[in-house]
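User: Please take a close look at one helix in this model, and explain how its buried side relates to the rest of the fold.

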Amino acid sequence: MLIRPTVNGAERAVDVTPATSLLTLLRDELELTGSKNACEQGECGSCTVWLDGELVCSCLVPAVQADGCEVRTVEALADNGDLHPVQEAFLEAGAVQCGFCTPGLVVAAADLLARDPHPSDDAIREALAGNLCRCTGYQKVIDAVRLAEAATA
Ligand code: FES
Ligand code: FES
């Protein structure tokens with residue numbers, strides 16, 4: 001069926017099957033490969049995007065559910081080639097190793113700071129709890145959120 005989501009500000013018309021996930025739509029049909037497919041089971045958060053302003057694991061969302069909706073992906077964060085402060089902070093803090101988790105963590109951290117510009121440590125941990133990283137041990141990720149907080153204060 002033909003669906004018309006607005007993806008990163010542009011309306012798209014895409015033919016999908018009922019089995020197509022939003023993640024597959026983004027990666028395979030729209031060539032937005034920033035969102036990663038690490039588990040396809042809703043466990044890791046590497047596929048996190050905004051759907052009508054709410055964070056979702058795009059691997060769990062049927063693409064048809066995005067018909068008529070606003071989808072924002074990690075690709076929407078940089079502005080004309082300038083990295084978003086959260087992206088800059090992840091680099092500065094050394095919070096990127098293999099990078100597989102990074103897009104989901106960056107989206108979740110950007111969402112947190114947009115809602116709560118000065119989050120507590122507990123609020124950071126809670127906001128990022130759905131995003132698994134097997135490389136960094138998470139401390140550098142939390143350091144990155146603090147750097148981004150300072151940069152956007
Ligand atoms: S790929 Fe979607 S939660 Fe892991
Ligand atoms: S940097 Fe490798 S999984 Fe997070």
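Analyst: What follows looks at helix H5 and then at its surroundings. The model is a predicted one, and its protein chain holds five helices and seven strands, which run β-β-β-β-α-β-β-β-α-α-α-α from the N terminus on.

Helix H5 covers residues 139-152. At 1.5 Å a residue, its 14 residues should span 20 Å, and because the C-alpha atoms at its ends are 20 Å apart, the model agrees with that expectation. The residues of H5 that count as buried are Val141, Ile142, Ala144, Val145, Ala148 and Glu149. Viewed down the axis of H5, these buried residues fall within an arc of 155 degrees, so they line one face of the helix. An α-helix has 3.6 residues a turn, so residues three or four places apart point the same way. On the face of H5 turned away from the buried side lie the exposed residues Ala150 and Ala151.

The cover over the buried residues of H5 includes H2, H3 and helix H4, the last of these being residues 121-127. A related picture comes from the largest nonpolar core, which has 25 residues, and in which Leu77, Val86, Phe90, Leu105, Leu128 and Val145 have the most contacts. Helix H2 (85-93), helix H3 (102-115) and helix H5 each supply at least two residues of this core, and H3 gives the largest share, with eight residues. Val145, one of the buried residues of H5, is thus also among those with the most contacts inside the core. Val86 touches Ala148 as well as Val106, Ala109, Ala110 and Leu113, if residues up to four places away in sequence are not counted.

A second, separate core of 17 residues includes Ile3, Val16, Val61 and Cys69. As for other cysteines, Cys47 counts as buried because its relative accessibility is 2%, and Cys101 also counts as buried, at 10%, while the structure holds zero disulfides.

For the protein chain as a whole, 44% of the 153 residues count as buried. Among its contacts with a separation of 6 or more, 55% are accounted for by residues 24 or more positions apart. The C-alpha trace spans about 45 × 30 × 25 Å along its principal axes, and the radius of gyration, 15 Å, agrees with the value near 15 Å that a compact globule of 153 residues would have.

Notes. Residues numbered from 1 in each chain as written. Chains lettered and ligands numbered in written order. Predicted model: local features only at pLDDT ≥ 70, side-chain atom pairs only at ≥ 80, totals over all residues. Heavy atoms only, no water. Core = buried A, V, L, I, M, F, W, Y, C linked by side-chain atoms within 4.5 Å. Buried < 20%, exposed > 50% of the residue type's maximum accessible area, 1.4 Å probe, protein only. Helix = DSSP H or I, 4+ residues; strand = E, 2+ residues; numbered from the N terminus. Contact = heavy atoms within 4.5 Å. Expected span 1.5 Å × (residues − 1). Arc of directions from axis to C-beta. Disulfide = S-S within 2.5 Å. Rg over C-alpha atoms; globule rule 2.2 N^0.38 Å.
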